[in-house]
Amino acid sequence: MDRIRAARPPCFELFGGAALWGLMMMASAMSALYMRNRFDTEHASELALLYFAGGFFSWPFMLPIGRFFAYRRRIETRFAAFFVCLTAGTMLMTAFLFSMDYRIFYSRWHAPFGSLLWTYQFIFTGANAVYQFLVLGLRLFLPFGLVCLLVTSYALAKRMR
């Protein structure tokens, strides 16, 4: 029961951290985009919003999970718990949001909602979008996002006892 109670972060850490983590992920994507092609894309603002939202919406889910696994552990284990949770959660949430945007774009050519063909189209459009994100989108988290991840995981591990 103590572990579950300890997994619940303070409200400021939950919501303030979400905004800060979203800003860090957006900065990571924008810095990587700038280093690769000097923002030579017409979708820079949409990418900034996507990466901000991926970080912002993943934090409130992953912070309590990381705190749950880090409770009363050594600092190395706490660091690993936060590192894995934030990595997986941020990547998955950003990929999910990308796939929903992808789905919205292609929905005009899909079958009516609820049909068997619609289900097939929904599943494979989402899977294709996630694959495309993994191939093209994950690199925008590097190198700045990795630094943010290491620093944030270390800070969270040091803060929690």
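**Exercise 1.** Which residues does S58 touch, not counting residues up to four places away in sequence? State also whether S58 is buried or exposed.

*Solution.* The model is a predicted one. First, locate the residue: S58 lies in helix α3 (residues 44-70). Next, list its contacts: with residues up to four places away in sequence left out, S58 touches W21, G89, T90 and M93. Last, take the relative accessibility of S58, which is 1%. Buried means under 20%, so S58 counts as buried.

**Exercise 2.** Determine how helix α2 and helix α6 run relative to each other, and name the residues through which they meet.

*Solution.* Helix α2 covers residues 11-37 and helix α6 covers residues 144-159. Their axes come within 8 Å and cross at roughly 160°. Angles over 145 degrees count as roughly antiparallel, and α2 and α6 are therefore roughly antiparallel to each other. On the α2 side, the residues that meet α6 are E13, W21, M24, M25, A27, S28 and S31. On the α6 side, they are F144, G145, C148, L149, T152, L156 and R159.

**Exercise 3.** Place F122 in its helix, decide whether F122 is buried, exposed or partly exposed, and name the surface patch it belongs to.

*Solution.* F122 sits in helix α5 (residues 116-137). Its relative accessible area is 32%. The partly exposed class lies between under 20% (buried) and over 50% (exposed), so F122 is partly exposed. Together with L117, Y120, I123 and F124, F122 forms a nonpolar patch on the surface. The accessible area of this patch is about 520 Å².

Methods
Residues are numbered from 1 along each chain as its sequence is written. This is a predicted model: local features need pLDDT of at least 70, side-chain atom pairs count only at pLDDT 80 or more; totals for chains, interfaces and linings use all residues. Side-chain values use heavy atoms; hydrogens and water are left out. Patches are made of residues with over 30% relative accessible area and no salt bridge: like charges are joined within 9 Å, nonpolar side chains (Val, Leu, Ile, Met, Phe, Trp, Tyr) within 5 Å. Accessible areas come from the Shrake-Rupley method with a 1.4 Å probe; for residues, only the protein chains shown count as cover. A salt bridge is a side-chain nitrogen of Lys or Arg within 4 Å of a carboxyl oxygen of Asp or Glu. Helices (H or I, at least four residues) and strands (E, at least two) are DSSP runs, numbered from the N terminus. Buried means under 20% relative accessible area, exposed over 50%, partly exposed in between (1.4 Å probe, protein chains only). Axes are lines fitted to C-alpha atoms, for helices over the stretch in contact, and angles run from 0 to 180 degrees between N-to-C directions. Angles under 35 degrees count as roughly parallel, over 145 as roughly antiparallel, 65 to 115 as roughly perpendicular and the rest as oblique. Contact means heavy atoms within 4.5 Å.
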